[in-house]
Amino acid sequence: MIAKGAPHVIHNDKELEAYTNALFQLTALENPSASEVEAIELLTLLVERYEEAHYPIPAADAVSVVRLLIERQGLAQRDLIPQFGSESAVSMFLAGQRKLTLEQVRKLSSRFRLPADVFIRSL
């Protein structure tokens, strides 16, 4: 693909497919050259730009994020008492009856080692 000329802004799904295929081929190389690494970076930017514009992924709300974290880590609601202050506060949050405070966001971010904005989207 790059042999056909310099990459350009992706305008349609056909171009997206071609760039994605080229990107997969380049990233499969064991020892890419400097120019291949540069091509990987450029193609990644072009593909991401197109996908963000045409196939956006909606941000998850804080309740969904916390529920997923609880499930994935095999936690119980009571395991989050240190972040919420009480089991009833955890329950109310998970039921959508209470929003997170900034202190809870800070504690959740610290506990799960995630950026605070993951929990702030629904504030």
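## Close-up views of a predicted model

**View 1. Gly96 follows helix H5 with a positive phi.** Just after H5, Gly96 adopts a positive phi of about 80°. This model is predicted, and the views below visit its helices and a few side-chain pairs. Helix H5 itself covers residues 87-94, and its buried residues are Ala89, Val90, Phe93 and Leu94. These residues span an arc of only 130° around the axis, so they sit on the same side of H5. Among what covers the buried residues of H5 are helix H3 (62-72) and helix H4 (81-84).

**View 2. Phe84 and Phe93 form the one aromatic pair of the structure.** The ring centres of Phe84 and Phe93 are 5.3 Å apart and the planes meet at 35°, so the pair is tilted. That label follows because planes under 30 degrees apart would count as stacked and those over 60 as edge-to-face. Are these two rings buried or exposed? Phe84 is buried, with a relative accessible area of 8%. Phe93 is buried too, and its relative accessible area is 2%. Phe93 should look familiar from View 1, where it appeared among the buried residues of H5.

**View 3. Helix H2 has its buried residues along one face.** Helix H2 runs over residues 34-54, and at 1.5 Å a residue its 21 residues should span 30 Å; the end C-alpha atoms are 30 Å apart, which agrees. Seen down the axis, the buried residues of H2 fall within an arc of 140°, so they line one face of the helix. Which residues are they? They are Ala39, Ile40, Leu43, Leu46, Val47 and Tyr50. Helix H1 (13-27) is included in what covers them. On the face of H2 turned away from this buried side, look for the exposed residues Ala34, Glu38, Leu45, Arg49, Glu52 and Ala53.

**View 4. Glu103 and Arg106 meet in a salt bridge within helix H6.** The count of salt bridges comes to one, and here it is: the side chains of Glu103 and Arg106 meet at 2.3 Å, N to O. In general, side chains of opposite charge can pair when their charged atoms come close. Both residues lie in helix H6 (residues 102-112), three residues apart, or about one turn of the helix. How accessible are the two partners? Glu103 counts as partly exposed at 38% relative accessibility, and Arg106 is partly exposed at 48%. For a sense of scale, bring back Arg49 from View 3: Arg106 and Arg49 are 57 residues apart in sequence and 31 Å apart in space, C-alpha to C-alpha.

**View 5. Ser109 is a buried residue of helix H6.** Staying in H6, we come to Ser109. What is its relative accessible area? The value is 15%, and Ser109 counts as buried because the cut-off is under 20%. Leaving aside neighbours within four places in sequence, Ser109 is in contact with Leu114, Pro115, Ala116 and Phe119.

**View 6. Confidence differs between helices H4 and H7.** The protein chain has a mean pLDDT of 91, and 94% of its residues reach 70 or more. Where is confidence lowest, and where is it highest? The lowest mean, 88, belongs to helix H7 (residues 117-120), while H4 has the highest, at 97. As a general reminder when browsing any such model, predicted coordinates should not be read in detail where pLDDT is low.

Note on methods. Residues are numbered from 1 along each chain as its sequence is written. Side-chain values use heavy atoms; hydrogens and water are left out. Rings of Phe, Tyr and Trp (its six-membered ring) pair if their centres lie within 6.5 Å; planes under 30 degrees apart count as stacked, over 60 as edge-to-face and the rest as tilted. Buried means under 20% relative accessible area, exposed over 50%, partly exposed in between (1.4 Å probe, protein chains only). A salt bridge is a side-chain nitrogen of Lys or Arg within 4 Å of a carboxyl oxygen of Asp or Glu. Helices (H or I, at least four residues) and strands (E, at least two) are DSSP runs, numbered from the N terminus. The arc is that of the directions from the helix axis to the C-beta atoms. Contact means heavy atoms within 4.5 Å. pLDDT is the predictor's confidence in each residue, from 0 to 100. The expected span of a helix is 1.5 Å times one less than its number of residues.
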